[in-house]
Amino acid sequence: MTQNDALTTAVDAEFAAIFTYGMTTPFVGSDQRDTVGEFNAAHRVRRDAVNAALVSAGESEQVPAAGYTLPLEVTDDKTAAKALLQAENTCASAYRALVEQADDDVTRRLGVDGLTESAKRIAFWRGVSNLSPATVAFPGAQ
């Protein structure tokens with residue numbers, strides 16, 4: 001895997017996360033709606049930053065796929081939280097790979113920042129799902 005492959009994977013993970021947040025929003029608890037909006041907006045900002053890095057590296061800007069499949073059937077707040085947790089784990093894995101494949105400090109920082117943000121959201125969704133511990137060692141290593 002090259003740095004550009006890792007950037008492409010990270011953009012794809014962000015597109016999938018944005019889709020997942022959009023599809024699960026109707027199912028999350030009302031006390032989590034504002035947080036879901038904030039997290040979705042953060043994914044959009046991160047997607048744009050990674051896409052800009054990809055273009056700066058001489059690659060084409062990535063566009064979303066025609067569709068995505070949720071990792072499980074979402075029918076309530078519990079399954080919505082599980083789907084969102086999976087989306088965040090996927091993003092963390094992509095950013096971990098970006099850190100490992102980065103050829104320069106700017107790209108490495110992009111990966112570290114993305115991994116850090118995903119780790120915080122993983123902790124949130126693990127807490128919502130009553131998973132213990134709320135944090136995991138080495139997010140993105142799954």
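**Note on helix packing and the nonpolar core**

1. Gly111 is a residue of helix α4. The model is a predicted one. The relative accessibility of Gly111 is 0%, so Gly111 counts as buried, the cut-off being under 20% relative accessible area.

2. Which residues does Gly111 touch, if those up to four places away in sequence are not counted? They are Tyr95, Leu98 and Val99. In addition, the C-alpha atom of Gly111 is separated by 6.6 Å from that of Arg96, and these two residues are 15 residues apart along the chain.

3. Tyr95 deserves its own entry. With residues up to four places away in sequence not counted, Tyr95 touches Gly111, as well as Leu110, Gly114, Leu115 and Ser118. The list for Tyr95 also includes Ala10, Glu14, Arg46 and Val50.

4. Tyr95 also belongs to the largest nonpolar core, which has 29 residues. Tyr95 is among the members that touch the most other members, together with Leu7, Tyr21, Val28, Val50 and Trp125. At least two residues of this core come from each of α1, α2 (33-56), α3 and α4 (105-128). Helix α3 supplies the largest share, 11 residues. As background, nonpolar side chains in soluble globular proteins tend to be buried together.

5. On the pairing of α1 with α3: helix α1 covers residues 3-24 and helix α3 residues 77-101, and their axes come within 9 Å and cross at roughly 165°. Angles over 145 degrees count as roughly antiparallel, and α1 and α3 are therefore roughly antiparallel to each other. The crossing of these two helices is left-handed.

6. From α1, the residues making this contact are Gln3, Ala6, Leu7, Thr9, Ala10, Ala13, Glu14, Ala17, Thr20, Tyr21 and Thr24. From α3, they are Ala80, Ala83, Leu84, Ala87, Glu88, Thr90, Cys91, Ala94, Tyr95, Ala97, Leu98 and Gln101. By class, the residues of the contact of α1 with α3 are 15 nonpolar, six polar and two charged. Leu7, Tyr21 and Tyr95 take part in this contact and are also among the core members that touch the most others.

7. A further point on α3 concerns Thr79, which is found in that helix. Is Thr79 buried or exposed? Its relative accessible area is 16%, so Thr79 is buried, given the limit of under 20%. Leaving aside neighbours within four places in sequence, Thr79 is in contact with Leu72, Glu73 and Val74.

Methods:
Residues are numbered from 1 along each chain as its sequence is written. This is a predicted model: local features need pLDDT of at least 70, side-chain atom pairs count only at pLDDT 80 or more; totals for chains, interfaces and linings use all residues. Side-chain values use heavy atoms; hydrogens and water are left out. Axes are lines fitted to C-alpha atoms, for helices over the stretch in contact, and angles run from 0 to 180 degrees between N-to-C directions. Helices (H or I, at least four residues) and strands (E, at least two) are DSSP runs, numbered from the N terminus. Angles under 35 degrees count as roughly parallel, over 145 as roughly antiparallel, 65 to 115 as roughly perpendicular and the rest as oblique. A crossing is left-handed if the near helix is turned anticlockwise from the far one by less than a right angle, and right-handed if clockwise. Contact means heavy atoms within 4.5 Å. Ala, Val, Leu, Ile, Met, Phe, Trp, Tyr, Cys and Pro count as nonpolar, Asp, Glu, Lys and Arg as charged, and the others, Gly among them, as polar. Buried means under 20% relative accessible area, exposed over 50%, partly exposed in between (1.4 Å probe, protein chains only). A nonpolar core is a set of buried Ala, Val, Leu, Ile, Met, Phe, Trp, Tyr and Cys residues joined through side-chain atoms within 4.5 Å.
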